[in-house]
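Me: Hi! Could you walk me through this one? I'd like to start with the nucleic acid and then go on to the chains.

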2 protein chains.
Amino acid sequence: MSDGRAAQVYGGESLLFLTDEQLRQGIEAMFFAYRGFTADPDRILGKMAYGRAHHRAVHFINRAPGTTVNNLLAILGVTKQSLNRVLRTLISDGLVESRVGTVDKRERHLFLTESGLKLEQELSDAQRARMRAAFRDAGPEAVAGFKQVLEAMMDADMRRAYIKLRDGA
Amino acid sequence: MSDGRAAQVYGGESLLFLTDEQLRQGIEAMFFAYRGFTADPDRILGKMAYGRAHHRAVHFINRAPGTTVNNLLAILGVTKQSLNRVLRTLISDGLVESRVGTVDKRERHLFLTESGLKLEQELSDAQRARMRAAFRDAGPEAVAGFKQVLEAMMDADMRRAYIKLRDGA
DNA sequence: CAGCATACGTCAGCCTTGTTGACATTCCAA
DNA sequence: TTGGAATGTCAACAAGGCTGACGTATGCTG
């Protein structure tokens with residue numbers, strides 16, 4: 001795997017960007033950047049009785065209102081018990097509404113209430129502000145590359161979910 | 001914050017890449033990609049008594065052999081109690097060696113043992129393989145942009161740590 | 001030298017968030 | 001009508017964060 005000989009020429013194109021050193025830089029960049037990525041919402045959530053898991057649930061419910069629990073489960077990649085614990089508090093606190101499905105009454109469709117929307121706004125405003133600053137600093141071409149690499153890094157399932165959300169649910 | 005009017009022209013340059021929609025895509029890309037980023041090492045660690053925290057410790061000890069506990073603390077951004085719990089198991093399992101400092105005897109310098117190196121290799125091989133595939137798929141320009149955006153997304157402290165590691169400790 | 005600061009380890013207790021396993025309910029569909 | 005799917009819930013547990021408190025060894029400074 002780690003042969004250290006990636007700095008070869010293949011098909012006439014230099015592969016210097018695939019050296020172990022370059023890859024390590026990419027790994028550490030992901031690690032440090034993800035910390036920044038979650039820092040602002042975490043700070044806000046820390047003041048309440050909520051955590052990152054609540055943020056994620058609220059984000060994706062806002063993103064796809066009326067989504068079912070199973071749907072959310074697949075996107076978040078956690079067990080129903082884990083998600084349920086989070087949803088229970090959000091529902092009892094009046095941030096999320098759970099409506100029984102009309103066509104399939106087994107399903108629950110999830111929606112944000114007024115206060116749920118307000119929390120989502122507060123959290124995503126903070127996260128977007130950082131993302132906006134980073135995007136502006138780096139410029140449009142860098143942003144395109146950023147998205148391209150991240151998309152290539154996803155598992156196939158996650159890539160499908162990502163694209164579906166991106167291109168309109 | 002979220003004014004939806006980011007699609008304006010500023011200084012003669014289109015800022016279409018700074019719309020809320022673009023920012024949201026970036027946020028979701030980070031979320032889904034980070035899952036992929038940690039998936040392979042997590043799978044390996046799941047078979048042992050170790051977790052992601054052990055991976056991080058081992059990674060940075062390998063990266064900067066002889067680093068002190070305080071140093072590692074700053075990089076990882078956790079409390080000494082949290083780190084100590086991880087280090088204790090790694091040391092007692094013989095993956096990490098802790099040597100009393102020569103110039104300052106209060107400090108402990110951390111090194112990977114043979115088996116520590118072996119684990120680190122196994123984990124980072126898996127992680128590098130995915131990163132390599134993503135880099136290759138996306139191409140050199142995309143990789144440059146990827147790193148640029150991630151660097152801009154970091155907190156100032158983390159950016160300093162990242163650059164220090166990148167440009168040689 | 002005395003006293004304060006620093007580096008580290010450790011104990012105890014708490015929280016969030018993930019896991020598995022078991023079981024009840026409801027309801028669609030074959 | 002019966003099996004399976006979707007959901008909810010209880011219990012127990014583990015990882016890995018956190019705070020607070022305390023102890024020890026060492027280094028620095030007045």
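**DNA and the two chains**

Reply: Happy to! A phosphate oxygen of DNA strand D sits 2.7 Å from a polar backbone atom of Thr79(B), a polar contact, that is, a pair of N or O atoms within 3.5 Å; within protein, one must be able to donate a hydrogen and the other to accept it, and residues adjacent in sequence count only if both atoms are side-chain atoms. This is a predicted model, where local features need pLDDT of at least 70, side-chain atom pairs count only at pLDDT 80 or more, and totals for chains, interfaces and linings use all residues. Residues are numbered from 1 along each chain as its sequence is written, chains are lettered from A and ligands numbered from 1 in the order in which they are written, and side-chain values use heavy atoms, with hydrogens and water left out.

Me: Which other backbone atoms have a phosphate oxygen of strand D beside them?

Reply: A polar backbone atom of Asn70(A) has one at 3.2 Å, and for Val103(B) the distance is 3.4 Å. The elements giving two or more residues to the surface near DNA strand D are H3 and helix H4 (80–92) of chain A, together with helix H2 (52–63) and helix H4 (80–92) of chain B. Helices here are DSSP runs (H or I, at least four residues), numbered from the N terminus.

Me: And which residues come nearest to strand D?

Reply: Of the 25 residues around DNA strand D, those are Lys80(A), Gly51(B), Arg56(B), Thr79(B) and Arg85(B). A residue is near the strand if one of its heavy atoms lies within 4 Å of it. The surface divides into 4 nonpolar, 10 polar and 11 charged residues. Ala, Val, Leu, Ile, Met, Phe, Trp, Tyr, Cys and Pro count as nonpolar, Asp, Glu, Lys and Arg as charged, and the others, Gly among them, as polar.

Me: What share of the strand D atoms within 4 Å of the protein is sugar or phosphate?

Reply: 57% of them, and the rest belong to bases.

Me: New topic: how much area do chains A and B bury between them?

Reply: About 6500 Å², with 72% of it on carbon and sulfur atoms. Buried area is the accessible area (1.4 Å probe) that two parts lose on being put together, summed over both. On the chain A side, Ile27(A), Phe32(A) and Met153(A) lose the most area to chain B, together 10% of what that side buries. In contacts (heavy atoms within 4.5 Å), 63 residues of chain A meet 63 residues of chain B.

Me: How many salt bridges are there between A and B?

Reply: The count is 8, a salt bridge being a side-chain nitrogen of Lys or Arg within 4 Å of a carboxyl oxygen of Asp or Glu. One of them joins Arg63(A) to Glu28(B), with the closest N and O atoms 3.5 Å apart. There are also 19 residue pairs in polar contact across the interface, both residues at pLDDT 80 or more. H1(A) gives the most to the side of chain A that touches chain B, with 19 residues.

Me: What about Glu28(A), buried or exposed?

Reply: Glu28(A) counts as buried because its relative accessibility is 1%; buried means under 20% relative accessible area, exposed over 50%, partly exposed in between (1.4 Å probe, protein chains only). Glu28(A) lies in helix H1 of chain A, and its side chain makes a polar contact with the side chain of Arg63(B) at 3.5 Å.

Me: And why is Ala152(A) classed as partly exposed?

Reply: Because its relative accessibility is 22%. Ala152(A) belongs to helix H6 of chain A. Leaving aside neighbours within four places in sequence, Ala152(A) is in contact with Arg159(A), Ala134(B) and Asp137(B).
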